[in-house]
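User: Could you pick one part of this structure and take a close look at it for me? I'd like to know what sits around it and how that fits with the rest of the chain.

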Amino acid sequence: SVEEENMSEYQGHHCWNCWNVALWIANDEGLYRAALDAKRRHKTRGGAVRELLNDLPRNTPDGGRYTFKAVSTALVDLE
């Protein structure tokens with residue numbers, strides 16, 4: 001199916017944007033630390049996402065959009 005192809009194409013993420021945002025947050029030291037700190041400060045992932053969205057620019061350096069869904073997805077596996 002097309003959905004299965006997209007999932008394998010984007011390493012488990014449902015779309016390019018979520019994959020791109022997850023890569024930036026996981027691999028940029030400043031973003032990674034900010035995301036971990038936000039997760040520690042908030043009881044819910046939603047609170048951490050809202051905090052990060054207030055501090056992040058609109059887009060990643062290569063054009064991905066920092067959306068609630070993309071940032072939330074990126075925080076799931078972040079440790």
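Analyst: One bit of vocabulary before we start: a residue is buried under 20% relative accessible area, exposed over 50%, and partly exposed in between, using a 1.4 Å probe and the protein chains only. This is a predicted model, so local features need pLDDT of at least 70 and side-chain atom pairs count only at pLDDT 80 or more, while totals for chains, interfaces and linings use all residues. Numbering runs from 1 along each chain as its sequence is written, and side-chain values use heavy atoms, with hydrogens and water left out.

Let's go for helix α4, residues 45-55. Helices here are DSSP runs of H or I with at least four residues, strands are E runs of at least two, and both are numbered from the N terminus. The chain has five helices and zero strands, in the order α-α-α-α-α from the N terminus on.

Which residues of α4 are buried? They are Gly46, Gly47, Ala48, Val49, Glu51 and Leu52. Their cover includes α3 (29-41) and α5 (68-76). As background, an α-helix has 3.6 residues a turn, so residues three or four places apart point the same way.

Leu75 gives a good view of the α5 side, since that residue lies in helix α5. Leu75 is buried because its relative accessible area is 1%. Taking contact as heavy atoms within 4.5 Å, and not counting residues up to four places away in sequence, Leu75 touches Ala35, Lys39, Arg45, Ala48, Val49 and Leu52. Ala48, Val49 and Leu52 also appear among the buried residues of α4. For a sense of distance, the C-alpha atoms of Leu75 and Thr60 are 16 Å apart, with their positions 15 residues apart along the chain.

Now follow the chain out of α4. Asn59 is in the loop between α4 and α5, and counts as partly exposed because its relative accessibility is 35%. Beyond its neighbours within four places in sequence, Asn59 is in contact with Gly64, Arg65 and Tyr66. Asn59 and Val21 are 38 residues apart in sequence, yet their C-alpha atoms are 8.7 Å apart in space.

Val21 takes us back to α2 (16-27), and the loop between α1 (2-9) and α2 holds Gln11. Gln11 has a phi near 50°, a positive value in a residue other than glycine. Most residues other than glycine have a negative phi. Gln11 counts as exposed because its relative accessibility is 60%.

How does this fit with the whole chain? Of its 79 residues, 35% count as buried. Residues 24 or more positions apart make up 52% of the contacts with a separation of 6 or more. The radius of gyration, taken over C-alpha atoms, is 12 Å, which agrees with the value near 12 Å for a compact globule of 79 residues; that rule is 2.2 Å times the number of residues to the power 0.38. Along the principal axes, the C-alpha atoms fill a box of roughly 40 × 25 × 20 Å.
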